[in-house]
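Visitor: I should like to learn how to read the features of a structure, one at a time. Would you please take me through this example?

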Amino acid sequence: MRNIAIVLGRLGTHGPSLIRLQIAMELEKRGFSVDIVLGVAPSNTEIDIPSTLNLQVLDAERPRDFALKLGEYLSLRKPDGVIASSWPYSAAAIVATRLFSRQTKVVVSEHADFRSNISLSGEFSNKDVWLIKYLSRFIYNRADKVVGVSNGVVEGLIKVAGVKRSTTTTIYNPLRSFDNNSLFPTTEKSLLEEFWSDGSVKLLAVGRLAPQKDYSVMLRALAVIKNCYKYRLVIVGGGRLLKELEAEAAQLGISDLVYFSGSSNFVHEYYRRADLYLMSSSSEGFGNVIVEALSHGLPVVSTNCQSGPAEILDFGKYGELVPVGDSVAMATAIEKTVANPVDENKQKMRAKYFSVENTTDQYLSALFGPE
């Protein structure tokens with residue numbers, strides 16, 4: 001039985017973690033032995049790991065310690081393949097594999113477009129930026145494959161991190177699976193249904209309240225729509241910009257049209273009730289939430305940011321794309337989309353392209369070659 005190690009710095013409720021767990025469970029379904037290797041143990045509030053997966057905690061948060069302890073794990077366990085995610089742990093995994101277990105295949109996956117995300121997302125320190133620009137090429141090019149979750153991410157890896165094009169490949173993120181069996185909490189359900197109860201067009205956005213998501217564009221778009229009281233916007237996600245965005249909504253005179261729901265474990269219930277999905281990001285690596293919206297048959301209006309949205313929407317075939325930062329263009333696209341209903345089945349069929357089966361096939365091909 002082949003053994004594959006899924007390597008992460010930590011496991012939480014963010015996109016890369018959920019995606020890696022899905023791939024791990026799909027690999028296990030196919031008969032692989034799967035280790036989940038983490039730098040730090042997940043807290044009680046974070047996502048549960050299925051008991052059938054082998055959890056290995058390195059107790060190492062700093063990349064240097066992470067690489068050394070991962071090397072010890074590799075020397076003992078000798079997995080057939082390693083799939084590691086997200087700088088700097090992706091780079092640390094390459095170093096550890098090449099120093100301690102050269103026979104092990106290693107594929108690393110990056111979710112950020114280094115052309116834009118390293119400056120806009122706030123997730124990278126100045127030291128990270130310097131290392132990515134000047135040293136990462138010596139590490140990344142020693143991986144068996146470097147995966148970008150969109151073609152744009154691959155271009156960023158080549159142009160900023162100096163990765164050879166022959167070393168890269170694009171593997172799109174899979175559609176997240178939702179737990180449809182859990183009951184929507186009564187209070188949360190009541191608040192949502194009360195807000196969306198007056199027959200207005202139900203607009204939805206999902207994502208943390210961070211500068212990169214540029215929710216100001218979305219708020220301004222709602223404010224400039226000719227009959228904005230026909231629309232009600234729900235934003236699902238928590239973050240440090242809540243007070244600032246609430247103040248902007250008040251300044252624009254649309255406070256009663258916008259509901260900041262906070263984070264939710266029942267985001268599928270919001271998709272299920274919405275009429276139209278919005279994304280206003282200034283940069284993305286992929287845009288998982290667009291695929292989730294498509295899977296619920298929703299029409300989509302998104303900024304055409306680097307990277308991901310245009311690729312998911314097939315350059316406008318499955319949704320409207322507007323320039324980054326252009327609230328007037330977004331407002332126009334919202335009104336146009338509402339006036340021209342989409343085929344729900346067509347949207348859902350597009351989402352099926354991003355299946356965990358397809359994604360897992362491609363990671364296995366990157367590790368071991370086509371079968």
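Guide: Helices are DSSP runs of H or I with at least four residues, and they are numbered from the N terminus. Please keep in mind that this is a predicted model.

Visitor: Let us begin with a helix end. What follows helix 10, and what is the sign of its phi?

Guide: The residue after helix 10 is G253, and its phi is positive, near 80°.

Visitor: How does one read the two sides of a helix?

Guide: An α-helix has 3.6 residues a turn, so residues three or four places apart point the same way. In this structure, helix 10 covers residues 242-252, and its buried residues are L245, E248 and A249. Viewed down the axis of helix 10, these buried residues fall within an arc of 100°, so they line one face of the helix.

Visitor: Which exposed residues does the face turned away from the buried side of helix 10 carry?

Guide: That face carries K243, E244 and Q251. As for the buried residues of helix 10, their cover includes helix 9 and strand 10 (258-262).

Visitor: May we take a second helix for practice? Which residues of helix 8 are buried?

Guide: In helix 8 the buried residues are E188, L192 and F195. They lie within an arc of 70° when seen down the axis of helix 8, so they also line one face of their helix. T186, T187 and E194 are exposed on the other side of helix 8.

Visitor: Against what do the buried residues of helix 8 pack?

Guide: They pack against strand 9 (231-236), strand 10 and helix 11.

Visitor: Helix 11 invites a closer look. Is E269, in that helix, buried or exposed?

Guide: The test is relative accessible area: under 20% counts as buried. E269 is found in helix 11, and E269 is buried because its relative accessible area is 10%. Setting aside residues up to four places away in sequence, E269 touches F184 and L192. L192 is one of the buried residues of helix 8.

Visitor: How far apart are E269 and F178, in sequence and in space?

Guide: E269 and F178 are 91 residues apart in sequence, and 9.8 Å apart in space from C-alpha to C-alpha.

Visitor: F184 was named as a contact of E269. How should one read an aromatic pair, and what kind of pair do F184 and Y270 form?

Guide: One reads the spacing of the ring centres together with the angle between the planes, where over 60 degrees counts as edge-to-face. The structure holds 13 aromatic pairs. One of them joins F184 and Y270, which are edge-to-face, with 5.9 Å centre to centre and 70° between the planes. This pair links distant parts of the chain, 86 residues apart: F184 is in the loop between strand 7 (168-170) and helix 8 (186-195), while Y270 is in helix 11 (residues 267-273). F184 and Y270 are both buried.

Visitor: Which residues do ring pairs link into a cluster?

Guide: Y172, F286, Y353 and F354 are linked in this way.

Visitor: Let us turn to a polar side chain. Where does S17 lie, and is S17 buried or exposed?

Guide: S17 belongs to helix 1 (residues 15-29). S17 counts as buried because its relative accessibility is 0%. Apart from neighbours within four places in sequence, S17 is in contact with L8, R10, L11 and G12.

Visitor: Finally, how does one find empty space in a model?

Guide: Rolling a probe the size of a water molecule over the atoms shows where empty space is left. Here there is one cavity of 30 Å³ or more, and the largest cavity has a volume of about 50 Å³. Strand 8 (201-206), helix 9 (215-224) and strand 11 (276-279) are the elements that give two or more residues to the lining of the largest cavity.

Visitor: Which element gives the most to the lining of the largest cavity, and how do its residues divide?

Guide: Strand 11 gives the most, with three residues. The lining of the largest cavity divides into seven nonpolar, two polar and two charged residues. Among the residues that line it are A205, Y215, M218 and S280.

Visitor: What is the volume of the second largest pocket, and which residues lie nearest its centre?

Guide: The second largest pocket holds about 360 Å³ of space. Its lining has 16 residues, of which P63, R64, P88, A92 and L131 lie nearest the centre. Helix 2 (63-77), helix 3 (89-100) and helix 5 (126-134) each supply at least two residues of this lining, and helix 3 gives the most, with five. By type, the lining of the second largest pocket has 13 nonpolar, no polar and three charged residues.

Terms used. Residues numbered from 1 in each chain as written. Heavy atoms only, no water. 1 Å grid on protein atoms, 1.4 Å probe; cavity = no way out; pocket = protein on both sides within 12 Å on 5 of 7 lines; lining within 4 Å. Points joined across faces, edges and corners; volume = space filled by probe spheres on them. Nonpolar A, V, L, I, M, F, W, Y, C, P; charged D, E, K, R; others polar. Buried < 20%, exposed > 50% of the residue type's maximum accessible area, 1.4 Å probe, protein only. Arc of directions from axis to C-beta. Contact = heavy atoms within 4.5 Å. Phe/Tyr/Trp six-rings, centres within 6.5 Å; stacked < 30°, edge-to-face > 60°.
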